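Hi,

Here is the structure I promised to pass along. Have a look at it first, and my notes come right after.

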Amino acid sequence: MAIPQINTPCLPKVASGPVSPKGVRVSIPCQSIASLITQQSIGSFIKQSRQHTRLQKKNTLKLPFFNTSVPCGFTSPAEDFEEGSLSLDKALIQNPNSTFIVRASGNSMEGAGIFEHDLLVIDRSYTPQLNDVILAVFHNEFTVKHWCKNSQNQYVLRATNPLYPDIICEHDEHFCIWGVVTYVIHGFRQT
Amino acid sequence: MIALIDCNNFYCSCERLFRPDLWRKAIVVLSNNDGCVISRSNEAKALGIKMGEPFFKIKDLVSTHQVHVFSSNFPLYADLSNRVMSTLKEFSPNIEFYSIDEAFVELSGSKEEIEATCRQIRDTLYTHIGIPVSIGCAPTKVLAKAAGHFAKRLPELRNVAVWTAPKQWNAFLHYLNVEDIWGLGYKLSKKCQAKRLYTAYDFAHYKNTKWIQKEFTKLGRFIQEELQGSPCLTLETVKEKRKQIRVSRSFKTELTSKEDLQHALCSFATRALEKCRAQQSQVQVLSIFFRSNPFKNQERQSGGYHIALPYPSDNTLEVLKSINHVLKHHVNTIFPIKKAGVTLQELHDSDREQLSFLYEPSQPKEKALMSSIDSINKLFGSQTCLPASCINKKGVKGVRGLQNRQFQSPRYTTDLSQLVTVT
């Protein structure tokens with residue numbers, strides 16, 4: 001049986017000298033010895049070639065020999081299609097630099113879906129539009145209301161709860177819009 | 001052209017963002033341990049409160065004029081600063097983050113375009129983040145800083161000053177004192193005044209450049225050239241590694257036992273080594289110091305030790321071992337300690353590890369341990385994973401609890417349990 005040729009690309013070419021009864025003469029450059037010794041294939045090759053010449057005198061023995069490493073495990077068919085997991089940040093925060101979060105209290109805006117302890121996502125980079133829910137500052141206090149116009153064409157802050165009257169607001173030192181409420185986060189199981 | 005964006009009274013502006021009731025009031029922010037004033041609103045400045053003034057000195061003024069006082073809230077300031085810097089990046093890719101509230105940005109175009117861009121930057125930062133800034137823009141960094149100085153103080157400029165021609169800046173340089181020139185401190189400005197150089201214009205056009213070179217070194221000559229409009233200092237877009245790292249704090253109540261001192265020094269060392277690893281450095285020589293209260297009527301006492309490690313290390317546990325060794329064998333008596341600190345003095349690059357026959361290079365296992373600890377603390381919050389010597393007998397982690405923070409405001413933007421409530 002012919003001694004199998006090792007043609008592993010990562011190893012230097014093994015020079016084979018004349019076959020002697022003691023085995024194939026192998027000359028290997030010094031710096032590759034470490035890589036060669038760890039390579040199971042070469043080790044078993046050398047071992048096997050010695051065994052082979054001994055056995056040659058008795059019987060021929062065919063041994064299966066893998067001269068390349070066998071990858072273990074099963075590659076996932078989904079590997080090429082993996083995406084990152086869902087991110088609420090991505091969904092709720094379009095402009096991280098101008099987005100802030102505050103906590104709601106009171107019942108003035110329950111009609112808009114804002115309840116006590118809810119989180120409000122506020123984006124300061126959006127230009128407020130009529131009927132937006134906004135976070136405003138009125139007489140040095142924060143308030144969340146609809147920004148609309150009343151029947152007299154005045155700007156007002158309107159709550160959804162009829163118990164709260166409209167607040168007339170003009171853009172002066174007592175009123176300003178802090179930011180536009182983009183999302184409200186309401187939890188069903190309150191911890 | 002280089003623009004310097006400088007946030008106005010930054011810490012005060014941060015405190016005001018979620019406090020509309022303070023928008024036109026006098027407020028001050030105090031340093032760590034509520035020691036001195038580190039930021040004042042314009043209304044507080046008008047009351048005569050100086051920068052760096054010790055808090056106890058202004059207590060009467062504070063109560064008479066109802067000045068609002070805040071302890072420093074660095075998690076809030078850092079978050080708002082990151083938002084400002086991140087927004088600035090959208091205006092120009094060439095940006096140098098100079099400090100927590102200042103950045104240099106490269107702009108190009110005609111004078112009108114640059115002025116429009118500066119106004120746009122100012123409006124965007126104010127609308128989007130609520131932080132007012134002043135912008136000075138000029139051909140050099142020193143001039144940009146000078147322009148910013150005037151942009152902040154002259155209401156008619158509306159916080160933006162763009163200087164494109166020598167005629168423009170020379171007019172202003174007559175009104176800038178030498179001590180307000182960027183790069184010249186109090187002592188150096190005294191030297192100038194001795195030579196009858198009182199304004200930035202005088203300094204810039206002083207003919208005896210040899211004297212400038214001698215007294216102020218190369219940097220002084222650069223400042224001169226820059227004041228005349230020739231750029232010498234480039235934008236440092238890549239952050240340089242620190243050459244020394246120091247972590248030190250003053251305490252609310254003086255430390256009286258060795259265990260307390262050990263707890264404090266180990267906490268400081270842990271924090272210092274986190275910073276050291278973050279910039280890929282290793283420490284070869286470090287020092288520890290501790291001292292009594294210099295303001296009390298008693299003899300000033302202090303102690304200090306230099307520790308030379310056998311090889312450069314970034315391993316917290318090794319450094320703590322050496323500090324504990326010094327405390328055990330060399331520190332005998334403890335006086336009441338008001339302030340202590342750890343300084344990593346000789347830093348080497350991690351990737352230029354020099355091998356020696358006398359020691360083994362840092363083990364992969366130790367490196368893996370340190371990097372795991374850093375990852376855990378990054379994910380779950382700092383001080384999640386600490387060496388045991390950083391936790392004292394009462395279970396206090398680190399030294400934050402040992403400091404005075406009487407006037408702490410909530411972390412509005414970094415802690416869900418500390419959000420502002422709106423009705």
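Below is what I found, starting with a sheet in chain B and then moving to where the two chains meet.

One thing to keep in mind throughout: this is a predicted model.

**The sheet in chain B**

If you pull up chain B, look for an open sheet of four strands, in the order 9-12-10-11, with antiparallel pairing. Strand 9 (245–255) and strand 11 (302–313) of chain B have just a single partner strand each, so they stand at the edges and one side of each is left without a neighbour in the sheet. On average, neighbouring strands here are turned by 15° against each other, ignoring direction.

In the middle of that order, strand 10 (residues 281–291) and strand 12 (residues 337–349) of chain B run antiparallel and are joined by ten bridges. If you want one pair to click on, Arg291(B) has Lys339(B) in strand 12 of chain B as its bridge partner.

Two helices of chain B pack on this sheet. Helix 11 (residues 258–278) touches strand 9, strand 10, strand 11 and strand 12 of chain B, and its direction makes about 155° with that of strand 9. Helix 12 (residues 316–329) of chain B touches strand 10, strand 11 and strand 12, with its direction at about 145° to that of strand 11.

**Where chain B meets chain A**

Now for the interface. Here 24 residues of chain B are in contact with 25 residues of chain A. About 2100 Å² is buried between the two chains, and carbon and sulfur atoms give 57% of that area.

What about polar links across the interface of chain B and chain A? The rule finds zero salt bridges there, but it does find 15 residue pairs in polar contact, counting pairs with both residues at pLDDT 80 or more.

On the chain B side, helix 4 (74–89), helix 5 (111–128) and strand 13 (421–422) each supply at least two of the residues that touch chain A. Helix 4 of chain B gives the largest share, four residues. By type, the residues on this side of chain B divide into twelve nonpolar, eight polar and four charged.

**A sheet shared by both chains**

Strand 13 of chain B deserves a second look. This strand pairs in the parallel sense with strand 3 (residues 99–104) of chain A over two bridges. Arg103(A) stands opposite Thr421(B), and Ala104(A) stands opposite Val422(B).

That pairing belongs to an open sheet of eight strands with mixed pairing, in the order 8(A)-7(A)-6(A)-5(A)-9(A)-4(A)-3(A)-13(B). Its edge strands are strand 8 (167–168) of chain A and strand 13 of chain B, each pairing on one side only.

Cheers

Conventions: Residues are numbered from 1 along each chain as its sequence is written. Chains are lettered from A and ligands numbered from 1 in the order in which they are written. This is a predicted model: local features need pLDDT of at least 70, side-chain atom pairs count only at pLDDT 80 or more; totals for chains, interfaces and linings use all residues. Side-chain values use heavy atoms; hydrogens and water are left out. Two strands pair if DSSP finds at least two bridges between them. Axes are lines fitted to C-alpha atoms, for helices over the stretch in contact, and angles run from 0 to 180 degrees between N-to-C directions. Contact means heavy atoms within 4.5 Å. Buried area is the accessible area (1.4 Å probe) that two parts lose on being put together, summed over both. A salt bridge is a side-chain nitrogen of Lys or Arg within 4 Å of a carboxyl oxygen of Asp or Glu. A polar contact is a pair of N or O atoms within 3.5 Å; within protein, one must be able to donate a hydrogen and the other to accept it, and residues adjacent in sequence count only if both atoms are side-chain atoms. Ala, Val, Leu, Ile, Met, Phe, Trp, Tyr, Cys and Pro count as nonpolar, Asp, Glu, Lys and Arg as charged, and the others, Gly among them, as polar.
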